[in-house]
Amino acid sequence: MFRTVDNPTAEILENLRSELRRGSLIVAVLAELRQEQYGYTLRKSLEEHGISMDEGTLYPLLRRLESQGLLASEWREQDKRNKRFYRLSPQGEVILTELLLDWENLSQSLRAILQRSQAGPASESGVPSAEAAPQD
Amino acid sequence: MELIDRYLQAVKWMLPRKQQNDVVGELNDEILSRVEEKEDALGRPLTEDEQVALLKQMGHPMLVASRYRSQRYLINPTVFAIYWMVLRLILAVVFVAMAIAAVSVAATGQGLGKALGIIFRYPFAALSIFAWVTTIFVVLDIVQVKFDFFGKWDPRTLPKLSKTKPRHSMIESVVGLMLSTILGVWWLVGLKHQFWIFGPGYEFVHFGPVWQTIYPLFVVLVVFGVIRTSVDVARPGWERGRTWFRLIYRALNLLVLYFLFNAAELFVPGSANPPGMAEVLKGLNIAMHIGVVAVAIVTVMQMGRDVYHLIRDRFDGGERALACFF
């Protein structure tokens, strides 16, 4: 899913990627659990949407979110096996709404920063570029 | 599926008791779901090798279990920097104290074994210091959290700006300290029991009398050298102090070289005196005298550089310092 980099900076890049992803994964999990799911199907569903998450990350995260009151869970039998089903709690719904708002603001800010930096130093310093200058 | 049961059992053993059944139940379902998915794709049950591959993909039981535990620190990262600084300082101070004791023992001619014995006890002392300092900081950490120490700070209490940067790494300084101590002890003991320096050659060659005459100077040099390298460990950024120490150390070396240069015989024959030995020693003494002069010239030049650095630092710029003289 991700491009690989074959140089010594690969490890640094991997660490930064995982830092970048960490917060987003929580939002993705909370959003996915607006519909009740158990661990395996949740992981598969995230994977289908391009977010791969190993079980060593997912299950402890689910446990932590539940202990924070953002998720509710119950054990039920399905296909002759006991499975733990998770769903977003009312408190989780409030938190998710706030997080999505923050995500949207952050995304807009980042986009603005990227656009400004791509426009070059002229626009950065406040000097209007030739394209932006009024035409007489 | 015995392998999977064994895997889950290994994970279970390393989990907190309250979470064991819950976590293992969930992992069991995850693993079995993955097995079913693979078996459906292959149209046959998984072989043992395939099960092994799947479990390896899940991760080592210890790693899997560790992810369910909250992160714990013996020393909180917020106080770790202070803890590390204090630990290093105490370890260095104790090392200096033991090194001085070892040098004193060596200087009184009580034997290399006894002197080195003091140094070799250092690891045990260091271990004890480590345990005590760590325990104290664990308690301090609990106290600082309770009294919100970091919430009550004042920027005006921060240290003043430092102009210098440490030129040596901490490892270099510590190795330097250990080497200067061990070599110093070896040298002082060797001057009294020359076999330690000449080895089997002791039969043929001894130090001349001058070496015993200036023995107290060597003791001062060794102690000063240990103190100098200890300062490197305790205050790595103290460049000005380091230059002063270096200057004094070189002046002491110059004094030693002066006595050696003025001595007629630096080496004398040992108990065995084979034919031609007198010629060899004569050549050796001439070579040593030339060597002493060469080292003295280099030492004077180095001292000149140190003095220049001291003046430059004092006037905050080499050009201004030189301008004072010309």
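Two strands count as paired when DSSP finds at least two bridges between them. In this predicted model, β2(A) and strand β3 of chain A, residues 81–88, clear that bar with 8 bridges and run antiparallel. Below is a quick tour: the small sheet in chain A, its turn, a long helix in each chain, the cores, the contact between chains A and B, and where to be wary of the confidence.

**The sheet in chain A**

- Chain A holds an open sheet of 3 strands, in the order β1-β3-β2, and the pairing is antiparallel.
- At the edges sit β1 (37–38) and β2 (71–78) of chain A, each of which pairs on one side only.
- If you want to trace the register of β2(A) against β3(A), start with A:A72, whose bridge partner in β3(A) is A:R87.
- Further along, A:R76 has A:K83 of β3(A) as its bridge partner.
- As general background, strands of a sheet pair through backbone hydrogen bonds, either parallel or antiparallel.

**The turn between β2 and β3**

- The hairpin of β2(A) and β3(A) has 2 residues between the strands.
- A:D79 is in the loop between these two strands of chain A, and its phi is positive at about 55 degrees although it is not a glycine.
- A:K80 lies in the loop between β2 and β3 of chain A as well, with a positive phi near 60 degrees, again in a residue other than glycine.
- Are these loop residues buried or exposed? A:D79 has 9 other C-beta atoms within 10 Å, so it counts as exposed.
- A:K80 has 5 other C-beta atoms within 10 Å, and it is exposed too.

**Two long helices, one per chain**

- In chain A, helix α4 (residues 90–119) has 30 residues and reaches 44 Å from its first C-alpha to its last, close to the 44 Å expected at 1.5 Å a residue.
- α4(A) is hardly covered, with 2 buried residues among its 30.
- In chain B, helix α7 (residues 122–147) has 26 residues and reaches 36 Å from first C-alpha to last, close to the expected 38 Å.
- Why does α7(B) lie largely in the open? Of its 26 residues the number buried is 1, and that is the reason.
- Right after α7(B) comes B:D148, with a positive phi near 50 degrees.

**Chain B and the nonpolar cores**

- Chain B comes to 14 helices and 2 strands.
- Of its 326 residues, 15% count as buried.
- Take the contacts in chain B between residues at least 6 apart in sequence: 73% of them join residues at least 24 apart.
- Which residues touch the most other members of the largest nonpolar core, a set of 20 residues? They are B:A99, B:A102, B:V103, B:A106, B:A115, B:V185 and B:L188.
- The elements giving two or more residues to this core are α5 (77–107), α6 (112–120), α8 (170–192) and α11 (215–234) of chain B.
- The largest share, 9 residues, comes from α5(B).
- B:V103 is a handy one to click on: leaving out residues up to four places away in sequence, it touches B:G184, B:V185, B:L188, B:V219, B:V222, B:V223 and B:V226.
- Apart from that core lies another, of 14 residues, including A:V29, A:L42, A:Y59 and A:L88.

**Where chains A and B touch**

- On this interface, 11 residues of chain A are in contact with 11 residues of chain B.
- On the chain A side, the elements that give two or more residues are α2 (39–48), α3 (55–67) and β3 of chain A.
- α3(A) gives the most to that side, with 5 residues.
- By type, the chain A side divides into 3 nonpolar, 3 polar and 5 charged residues.

**Confidence in chain A**

- The mean pLDDT of chain A is 84, and 82% of its residues reach 70 or more.
- Among the elements of chain A, β1(A) has the highest mean pLDDT (94), while helix α5 (residues 121–124) of chain A has the lowest (53).
- Over residues 124–136 of chain A, pLDDT stays under 50, and the model has 5 contacts beyond four places in sequence for this stretch.

Notes:
Residues numbered from 1 in each chain as written. Chains lettered and ligands numbered in written order. Predicted model: local features only at pLDDT ≥ 70, side-chain atom pairs only at ≥ 80, totals over all residues. Helix = DSSP H or I, 4+ residues; strand = E, 2+ residues; numbered from the N terminus. Contact = placed C-beta atoms within 7 Å. Nonpolar A, V, L, I, M, F, W, Y, C, P; charged D, E, K, R; others polar. Expected span 1.5 Å × (residues − 1). Buried ≥ 20, exposed ≤ 12 C-beta atoms within 10 Å, placed from the backbone. Core = buried A, V, L, I, M, F, W, Y, C linked by C-beta atoms within 7 Å. pLDDT = per-residue confidence, 0-100.
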